[in-house]
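Reader: I would like to understand how the words used for a protein structure follow from the values behind them. Could we look at one model together and take the terms one at a time?

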Amino acid sequence: MNGVRLENITYRYPNGHTAVENISMSFKQGEAVAIVGQNGAGKTTTVKLINGLLRPTEGEIYVGDWNTKDYTTAQLSKRVGYVFQNPDDQIFHSDVYSEIEFGPKNLKLPAKVVKENTQKAIELTGLEPFLKEHPYNLAYSMRKFVTIASIISMNPDVVILDEPTAGQDLPSLKRLSSIISTLQKENKIIITITHDMEFVVDNFQRVIVMANKKKIKDSDKRDIFWDFDVLERSSLKQPVISSLSHDLGMNGRILNIKEMVQQMQRV
């Protein structure tokens, strides 16, 4: 597949409310991108347009050579997997294994491929101990991994993660990082919506900032988090280490503790 393109996209809800207005962006295979911005900026609407849950009022969206207007949401799910922000909106089976294998079975993949894809997703998400459990017996953070596994098992070209870090502890954040890295090495596009700026710094080079229904900047993370005008317009804060180094008057556009220590050693 040859990437994803959004060309001059506007979306208005039936009640007339405009959720996104004249946005354009593109994503290359093997690219991991974070989309950030405050609630109401248009982030979730944008990604729902990519997988066909919503249809653009104006503009065109291409997933590879497919114009999303010409394909059903079910057809698009073969190429674009969307992990909902709330796992309870996605889970509907009575055990974890059935939830994970449902996607590839529903795509009518060969039985061997269904088994292989399901096992790979289980291993990647660390769910082996919970396969016979009812998903709702698991903690919220683990239910998030169930939904991630259910998308990975379908082997889509594009994986969209909506607020994957919510409710996650440090080991779970490390597992999320490992998942993103693995998918990226498999030449997939990973688009992640998050309010966790530290997670963005640790896992993404490219960051798209949205505010007031528009894309206001698309750049390298260092450019984003040291652009105080963009941060103010989008009501975002610098990562903690960046903010601390700024308050201390340190040189360099520091993003993490390693860079901060290196800068201190140079003084």
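Author: We can begin with two helices: the axes of helix α3 (residues 96-106) and helix α5 (residues 140-152) come within 6 Å of each other and cross at roughly 30 degrees. This is a predicted model, in which local features need pLDDT of at least 70 and side-chain atom pairs count only at pLDDT 80 or more, whereas totals for chains, interfaces and linings use all residues. Residues are numbered from 1 along each chain as its sequence is written, and side-chain values use heavy atoms, with hydrogens and water left out.

Reader: Why are α3 and α5 called roughly parallel to each other?

Author: Angles under 35 degrees count as roughly parallel, over 145 as roughly antiparallel, 65 to 115 as roughly perpendicular and the rest as oblique. The axes of α3 and α5 cross at roughly 30 degrees, and these helices are therefore roughly parallel. An angle here runs from 0 to 180 degrees between N-to-C directions, and the axes are lines fitted to C-alpha atoms, for helices over the stretch in contact.

Reader: Which residues of α3 and α5 meet?

Author: V96, E99 and I100 in α3 meet V146, A149 and S150 in α5, where contact means heavy atoms within 4.5 Å. The residues of this contact divide into 4 nonpolar, 1 polar and 1 charged; Ala, Val, Leu, Ile, Met, Phe, Trp, Tyr, Cys and Pro count as nonpolar, Asp, Glu, Lys and Arg as charged, and the others, Gly among them, as polar.

Reader: What makes α4 and α6 oblique to each other?

Author: The axes of helix α4 (residues 111-125) and α6 come within 9 Å and cross at roughly 140 degrees, an angle that belongs to none of the three other classes, so the pair is oblique. In this contact, E123, L124 and T125 of α4 meet R175, I179 and T182 of α6, and by class there are 2 nonpolar, 2 polar and 2 charged residues.

Reader: How do you know that Q263 is buried?

Author: Buried means under 20% relative accessible area, exposed over 50%, and partly exposed in between, with a 1.4 Å probe and protein chains only. Q263 has a relative accessible area of 14%, which is under the limit, so this residue is buried. Q263 lies in helix α11 (residues 257-266) and, leaving aside its neighbours within four places in sequence, is in contact with M250, N251 and I254.

Reader: Why are β2 and β5 said to stand at the edges?

Author: Two strands pair if DSSP finds at least two bridges between them. In the open antiparallel sheet of 4 strands, whose order is β2-β1-β4-β5, β2 (18-27) and β5 (66-67) each have a single partner strand, so one side of each is left without a neighbour in the sheet. Further in, 5 bridges join β1 (residues 4-12) to β4 (residues 58-63), and E7 stands opposite E60 in β4.

Reader: Which strands are at the edges of the sheet with mixed pairing?

Author: That open sheet has 6 strands in the order β6-β7-β8-β3-β9-β10, and its edge strands are β6 (80-83) and β10 (214-220), each pairing on one side only. Strand β6 is joined to β7 by 4 bridges, and the two run parallel, with G81 opposite V159 in β7.

Reader: What makes both faces of β6 count as covered?

Author: V80 and Y82 on one side and G81 and V83 on the other are all buried.
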